[in-house]
Amino acid sequence: MRRYVIVGTGVAGIAAAEAIREADPQARILLIGDEPEGYYSRPGLAYYLTDEVPEKQLFPWRARDFRRLGINLWHDRVVALDPRGHRLKLQRHSEPVPYDRLLLATGSVAVRPDLPGVDLQGVVKLDTLADARRIRQLARKAKAAVVIGGGITALEIVEGLLHHKVQVHYLLRGDRYWRRVLDEQESRIVERRLSERGVRLHYRTQAAEIMGRRGRVTGVRTTDGRVIPAQMVAIAVGVRPRLALPRAAGLRTERGVLADEYLRTSDEDIFAAGDVAQVYDPRVGASVLDDLWSVARAQGRAAGYNMAGWKTPCRRGTPLNVTRLAGLTTTIVGQVGQPARDGEDDLVGIIRGDSEVWRSIPDAIVAQEGFSVNRLRLMVGKKHLLGAVLMGDQTLSRPLYHLIDAQADITPIRERLIQGREPVAEVLAEFWIQWSRQHGTQKPQS
Amino acid sequence: MDWKARLARWFRQEAKRHEAMVAGYVVPDPIRCVQCGICSYHCPIGIDVRRHAWEGQPVVESYCLTCGECVARCPRGVLRFERSDLLPAD
């Protein structure tokens, strides 16, 4: 009976446990996580902040689901990994835990900037359920808050604070929101919607210091010497894989734990999946970090199969994220990158819900259309669609995902898309109907 | 949104709903889903729509009212109505 241990109770760990059970019915599966809550929907925290969903609803699995799959769930912290001895040392459990196959699915944590006052009470991040509870608790009393950071998580916090009627000051280091991924018009749409809801946007503004009195936040002093009074400061400048454990164990790491396309690390009995893993992608010939939930799930599942002996390469699909930016449903798929300018970036890590692929700059022509809240930007390559950003109406998002992922030959409509005499959406819809009849729609990867 | 637009939207939603009630069910697109549970939370008869989305299975329970609450509430556009005669094309 093989002993499998999974470290991390996020979606990668859960998907791996399911896959192991499928491939090895006799297996002993132990899932260890350092959060007392175990498995919950991390992306769902955004909707918990806005009261769209109550806390107890964030748990997709109940105790009976773990029992049904015969998975043991421990709340504990792994303090050491001994790859030679095939053992883990835990903080609370005194006996060392042996394994035959190990999965590291420990995820990533919010980057903590080196800023005076960052330890004050009232400084928050949004990594975990505990963080979300803290934000809600503080928001009940706070009058004003400063939010720092330029990606999806920062906006999720902004929206949560708005919901709790907190005056939000949003600091942007550059001259617009999320330059790495959005184009200028898209940034402006988001910014305008935020201002309309009362958010004060501070462009080209960085925090120099978080000020406090008696251990509590009282405001932020900016690098240009202004003082913004606030009782809360939220920081979301990116995340970093949790590498302390694998590094101490001597596994090969770069920005993440290096893993091959079978999710195997430099130790043949140790695998890695999810945010912590930097996975080799044979198509680009490099190892890539992703911070997408769907990717973490796919990697976890493939890792589970491989651990149990079902050889399963993890094909890296076209990255897709659906999110809400200032209340506007937004889909980002494929390559949509913007050329980076030095000193313009608010993010020091990869952000949650992000993929490095988005920021590779495609050799493409942009076709776009739309107005303030229904906008479509298409990256048109020589023969294929490379990427798209859809804001507002999402009718085309599923067709576009399939056309981009399948690298559909768009030669018949390429000129029409680029010339822009006809509505891009109509040209695409017409093409999609024909294409999907001929090819069928692929089952979406899950 | 002015009242005309609101009314137009309501009519569109109603029309879609009736269409779906005739010959449709709720189909998830699992790759978009993050298991937040808003769908299951709003289901008036307690169908665990989230579980269907995890497993990539359409909601084919005969007692599904096709009321559209889950489709409308999902913040990520995971769910859609699909005519049953078109399944399982996707």
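**Chains A and B: a guided reading**

Guide: The buried residues of helix α9(A) are Ser397(A), Arg398(A), Pro399(A), Leu400(A), Tyr401(A), His402(A), Leu403(A), Ile404(A) and Asp405(A). The model shown here is a predicted one.

Visitor: What makes helix α9 of chain A mostly covered?

Guide: A residue counts as buried when its relative accessible area is under 20%. In α9(A), residues 397–405, nine of nine residues are buried, and the helix is accordingly described as mostly covered.

Visitor: Against which elements do the buried residues of α9(A) pack?

Guide: Within chain A, they pack against the strands β22 (320–325), β23 (328–334), β25 (374–380) and β26 (385–391), and against α11 (424–439). Chain B takes part as well, through β2 (79–83). After the helix comes Gln407(A), which has a positive phi near 50 degrees.

Visitor: Why is Asn306(A) called buried or exposed?

Guide: The limit for buried is under 20% relative accessible area. Asn306(A) has 9%, and is therefore called buried. This residue lies in helix α8 of chain A, residues 293–307. Leaving aside residues up to four places away in sequence, Asn306(A) touches Tyr262(A), Leu263(A), Phe271(A), Lys311(A) and Thr312(A).

Visitor: Why is Gln57(B) placed in its class of exposure?

Guide: Partly exposed covers the range between the limit for buried, under 20%, and the limit for exposed, over 50%. With a relative accessible area of 41%, Gln57(B) is therefore partly exposed. Gln57(B) is found in the loop between α3 and α4 (69–73) of chain B. Its contacts, not counting residues up to four places away in sequence, are Pro28(B) and His52(B). Glu69(B) is twelve residues from Gln57(B) in sequence, and the two C-alpha atoms are 18 Å apart.

Visitor: Which pattern does chain B follow along the sequence?

Guide: The pattern is α-β-α-α-α-β, that is, four helices and two strands. Of the 90 residues in chain B, 44% are buried. Among the contacts in chain B with a separation of 6 or more, 62% join residues 24 or more positions apart.

Visitor: How many residues of chain B are in contact with chain A?

Guide: There are 22 on the side of chain B, and they meet 39 residues of chain A. The area buried between the two chains is about 2600 Å², with 50% coming from carbon and sulfur atoms. Ile31(B), Trp54(B) and Arg76(B) supply 30% of the area that chain B buries against chain A, more than any other three residues.

Visitor: What makes the meeting of Arg51(B) and Asp65(A) a salt bridge?

Guide: The term requires a side-chain nitrogen of Lys or Arg within 4 Å of a carboxyl oxygen of Asp or Glu. The side chains of Arg51(B) and Asp65(A) meet at 3.0 Å, N to O, so the pair satisfies the limit of 4 Å. The count of salt bridges between chain B and chain A is one. In addition, 13 residue pairs are in polar contact between the chains, with both residues at pLDDT 80 or more.

Visitor: Which helices of chain B each supply at least two residues of the side that touches chain A?

Guide: They are α2 (38–42) and α3 (49–55). The most comes from α2(B), with four residues. By kind, the residues on this side of chain B divide into ten nonpolar, five polar and seven charged.

Methods
Residues are numbered from 1 along each chain as its sequence is written. Chains are lettered from A and ligands numbered from 1 in the order in which they are written. This is a predicted model: local features need pLDDT of at least 70, side-chain atom pairs count only at pLDDT 80 or more; totals for chains, interfaces and linings use all residues. Side-chain values use heavy atoms; hydrogens and water are left out. Contact means heavy atoms within 4.5 Å. Buried area is the accessible area (1.4 Å probe) that two parts lose on being put together, summed over both. A polar contact is a pair of N or O atoms within 3.5 Å; within protein, one must be able to donate a hydrogen and the other to accept it, and residues adjacent in sequence count only if both atoms are side-chain atoms. Ala, Val, Leu, Ile, Met, Phe, Trp, Tyr, Cys and Pro count as nonpolar, Asp, Glu, Lys and Arg as charged, and the others, Gly among them, as polar. Buried means under 20% relative accessible area, exposed over 50%, partly exposed in between (1.4 Å probe, protein chains only).
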